[in-house]
Amino acid sequence: PLGKGLIQQLMKGKIAGHPIHVMIVHFPSALYPFSVALDWIALGSGAVTFSASGYYSLLTAIGTSGLAMIFGVIDLLRIGSKDKAWNTAMIHAGLNVLWLLCFATLLGIRMKNDPCAIQGIGYLVSSTLFVFGMLYSNFLGGELILKHGIGKGDQ
């Protein structure tokens, strides 16, 4: 139940007994590639509305990444350093911090001028490469859940 011991549940990274990290990561995982796709469409079509949508998708992706990372750290702290999942979890966490910093840098570049303006090819190639890197990090997150059971049950 939500009302009873809500703070204790949140401190364990759960809400109503469900792992929050596993629930939240879908947002940035979808919004980063969506943002990039919208920016490519904007470049190809010349339609600023796609670029504006890409900007807001990127902004939302970064915000939800930060939230996902808070609960990811809670999950990480529950893994012992001798656990088989430890190395994978550290790589997963480190890469996701890297991708967040990369996307935040792109956001900063974008906000320096008109954030809704159509972005250049260098920006788009960089953001596309960052998405592919993030997909590898997501693969590692899947390994943690499916192979090691992290974020499931009473861990």
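# Serine 65, an aromatic cluster and two helices

Serine 65 is buried, with a relative accessible area of 8%, in a model that is predicted.

Me: Why is serine 65 called buried?
Reply: Its relative accessible area is 8%, and buried means under 20%, so serine 65 meets the cut-off.

Me: Where does serine 65 lie, and which residues is it in contact with, leaving aside its neighbours within four places in sequence?
Reply: Serine 65 lies in helix 4, and, with those neighbours left aside, it is in contact with Pro28, Tyr32 and Leu100.

Me: How many aromatic pairs does the structure hold?
Reply: The structure holds five aromatic pairs. One of them is formed by tyrosine 32 and phenylalanine 103, a stacked pair with 4.0 Å from centre to centre and 15 degrees between the planes.

Me: What makes the pair of tyrosine 32 and phenylalanine 103 stacked?
Reply: Rings pair if their centres lie within 6.5 Å, and planes under 30 degrees apart count as stacked; with 4.0 Å between the centres and 15 degrees between the planes, tyrosine 32 and phenylalanine 103 therefore satisfy both conditions.

Me: Why does this pair tie together parts that are apart in sequence?
Reply: Tyrosine 32 belongs to helix 3 (residues 26–45) and phenylalanine 103 to helix 5 (residues 86–112), so the pair ties together parts that are 71 residues apart in sequence.

Me: How do you know whether tyrosine 32 and phenylalanine 103 are buried or exposed?
Reply: The relative accessible area of tyrosine 32 is 3% and that of phenylalanine 103 is 1%; because buried means under 20%, tyrosine 32 counts as buried, and phenylalanine 103 counts as buried too.

Me: Why is the pair of tryptophan 99 and phenylalanine 130 called tilted?
Reply: The planes of tryptophan 99 and phenylalanine 130 are 35 degrees apart, with 6.3 Å from centre to centre. Under 30 degrees would count as stacked and over 60 as edge-to-face, with the rest tilted, so at 35 degrees this pair is tilted.

Me: Which parts of the chain does that pair link?
Reply: It links distant parts of the chain, with tryptophan 99 in helix 5 and phenylalanine 130 in helix 6 (residues 121–146), 31 residues apart. Tryptophan 99 is buried at a relative accessible area of 14%, and phenylalanine 130 is buried at 18%. Ring pairs link Tyr32, Trp99, Phe103 and Phe130 into a cluster.

Me: How do you know that the span of helix 5 agrees with what is expected?
Reply: Helix 5 has 27 residues, which should span 39 Å at 1.5 Å a residue, and its end C-alpha atoms are 39 Å apart, so the two values agree. Residues buried in helix 5 include Asn96, Trp99, Leu100 and Phe103, and the buried residues of this helix pack against helix 2 (20–24), helix 3, helix 4 (48–77) and helix 6.

Me: What span does helix 6 reach, and what is expected?
Reply: The 26 residues of helix 6 reach 37 Å from first C-alpha to last, close to the 38 Å expected at 1.5 Å a residue. Among its buried residues are Tyr123, Phe130 and Met134, and what covers the buried residues of helix 6 includes helix 3, helix 4 and helix 5.

Me: What does the secondary structure of the protein come to?
Reply: The protein has six helices and two strands, which follow the pattern α-β-β-α-α-α-α-α along the sequence. Buried residues make up 39% of its 155 residues.

Technical notes. Residues numbered from 1 in each chain as written. Predicted model: local features only at pLDDT ≥ 70, side-chain atom pairs only at ≥ 80, totals over all residues. Heavy atoms only, no water. Phe/Tyr/Trp six-rings, centres within 6.5 Å; stacked < 30°, edge-to-face > 60°. Helix = DSSP H or I, 4+ residues; strand = E, 2+ residues; numbered from the N terminus. Buried < 20%, exposed > 50% of the residue type's maximum accessible area, 1.4 Å probe, protein only. Expected span 1.5 Å × (residues − 1). Contact = heavy atoms within 4.5 Å.
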